Amino acid sequence: MSSREEGRTHWRRSLAVAVPALLAAGGLGTAMASGALAVGLRIQDRPVDFTTSSLYGTQYGAAVVDQTVVRPDGSTGTERVLRMGFADGVINGLCLSQRQQIAGATYTLLLTLGDDNPGSWEIRTKNTVLDLRNATGVLDMDGVVDLNTNGADVKTVKDASGAYVVNPLDSPQHRFGIQARYAKFDRITGTAQDFQIPGLLTTPKLSLSVRPGTVACPAPAAPTGTPGTP
């Protein structure tokens, strides 16, 4: 892969826009009408299933962390997840599927972004963070790649002076960690405990629907070509 300008991000900074699952339709109405979404996105109230043909980004980092969760009875606990982040990225189509209970019946909130072209990488993001419960796909890393067993040593973010930000993934000591200057993750099918794009997300197409029963995202298509510059 060709050399690319390094991106910067604060992985866990505060968000300008929150999108709770069943209220998403109202918040995204304007974006759907214009055919583009250019705001922050966060889905955190419960796990969300997702698929994408490909995710490519600069300044990739991943580490095992403990994510705070709210149980059905209202109590809080922790869920061990793999926190994965990109400073700047492009996504080749994205589908999010989340189940809800309404008056005892199951419904699925289905959100799809991007076009139907498996070679366009049409969605652009900044500061993307995924807290993964599980995921399958093909991960290809390039540039300077570091695998370590001390998650707090993952350093993928630099401040304005060029110094590394301390522990940007908020990961504890003695946990598995990865960092790379570039990473490409193809044909991903997974479940995220937390899905955040706080900085900027742009897409040429977006659709949102609430469907009865349990509806899964379609299997991701294999990407074609190479991603554009994030």
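# Exercises on Pockets, Cavities and Ring Pairs

About 400 Å³ of space lies in the largest pocket of this predicted model. Because the model is predicted, local features need pLDDT of at least 70 and side-chain atom pairs count only at pLDDT 80 or more, while totals for chains, interfaces and linings use all residues. Residues are numbered from 1 along each chain as its sequence is written, and side-chain values use heavy atoms, with hydrogens and water left out.

**Exercise 1. Describe the lining of the largest pocket.**

Step 1. Recall the term: on a 1 Å grid over the protein atoms alone, a pocket is an open set of points with protein on both sides within 12 Å along at least five of seven lines, whereas a cavity is a set of points where a 1.4 Å probe fits but cannot get out; lining residues have an atom within 4 Å of a point. Grid points are joined across faces, edges and corners, and a volume is the space filled by probe spheres set on the points.

Step 2. Identify the residues. The lining of the largest pocket has 21 residues, and those closest to the centre are Gly-93, Leu-94, Leu-113, Asp-115 and Asp-116.

Step 3. Assign elements, where helices (H or I, at least four residues) and strands (E, at least two) are DSSP runs numbered from the N terminus. Two or more lining residues come from each of strand E2 (48-70), strand E4 (94-102), strand E5 (105-113) and strand E9 (206-212). The largest share, three residues, belongs to E2.

Step 4. Sort by class: Ala, Val, Leu, Ile, Met, Phe, Trp, Tyr, Cys and Pro count as nonpolar, Asp, Glu, Lys and Arg as charged, and the others, Gly among them, as polar. The lining of the largest pocket then has nine nonpolar, nine polar and three charged residues.

**Exercise 2. Treat the second largest pocket in the same manner.**

Step 1. The volume of the second largest pocket is about 150 Å³.

Step 2. Twelve residues line the second largest pocket, and Gln-59, Lys-155, Tyr-164, Gln-179 and Arg-181 lie nearest its centre.

Step 3. At least two lining residues each are supplied by E2, strand E6 (123-148) and strand E7 (177-197). E7 gives the most, with three residues.

Step 4. The classes in this lining are four nonpolar, three polar and five charged residues.

**Exercise 3. How many cavities of 30 Å³ or more are there, and what lines them?**

Step 1. Rolling a probe the size of a water molecule over the atoms shows where empty space is left.

Step 2. The count comes to two cavities of 30 Å³ or more.

Step 3. The largest cavity has a volume of about 60 Å³. Its lining consists of Phe-50, Thr-52, Leu-55, Ile-91, Leu-94, Thr-128, Leu-130, Ile-188 and Phe-195. E2, E6 and E7 give two or more residues to this lining, and the largest share, three residues, comes from E2. Seven of the lining residues are nonpolar, two are polar and none is charged.

Step 4. The second largest cavity, of about 30 Å³, is lined by Ile-43, Val-48, Leu-96, Ser-97, Gln-98, Leu-109, Leu-110 and Leu-111. E4 and E5 each supply at least two of these residues. By class, this lining has six nonpolar, two polar and no charged residues.

**Exercise 4. Classify the aromatic pairs of the structure.**

Step 1. Rings of Phe, Tyr and Trp (its six-membered ring) pair if their centres lie within 6.5 Å; planes under 30 degrees apart count as stacked, over 60 as edge-to-face and the rest as tilted.

Step 2. The structure holds two aromatic pairs. In one, the rings of Phe-50 and Phe-195 have centres 6.0 Å apart and planes at 70 degrees, so the pair is edge-to-face. Phe-50 belongs to strand E2 and Phe-195 to strand E7, 145 residues apart, and the pair thus links distant parts of the chain. Phe-50 and Phe-195 are both buried, where buried means under 20% relative accessible area, exposed over 50% and partly exposed in between (1.4 Å probe, protein chains only).

Step 3. The rings of Tyr-60 and Phe-86 have centres 5.1 Å apart and planes at 45 degrees, so this pair is tilted. Tyr-60 in strand E2 and Phe-86 in strand E3 (residues 76-91) are 26 residues apart. Tyr-60 counts as buried because its relative accessibility is 1%, and Phe-86 is buried with a relative accessible area of 1%.
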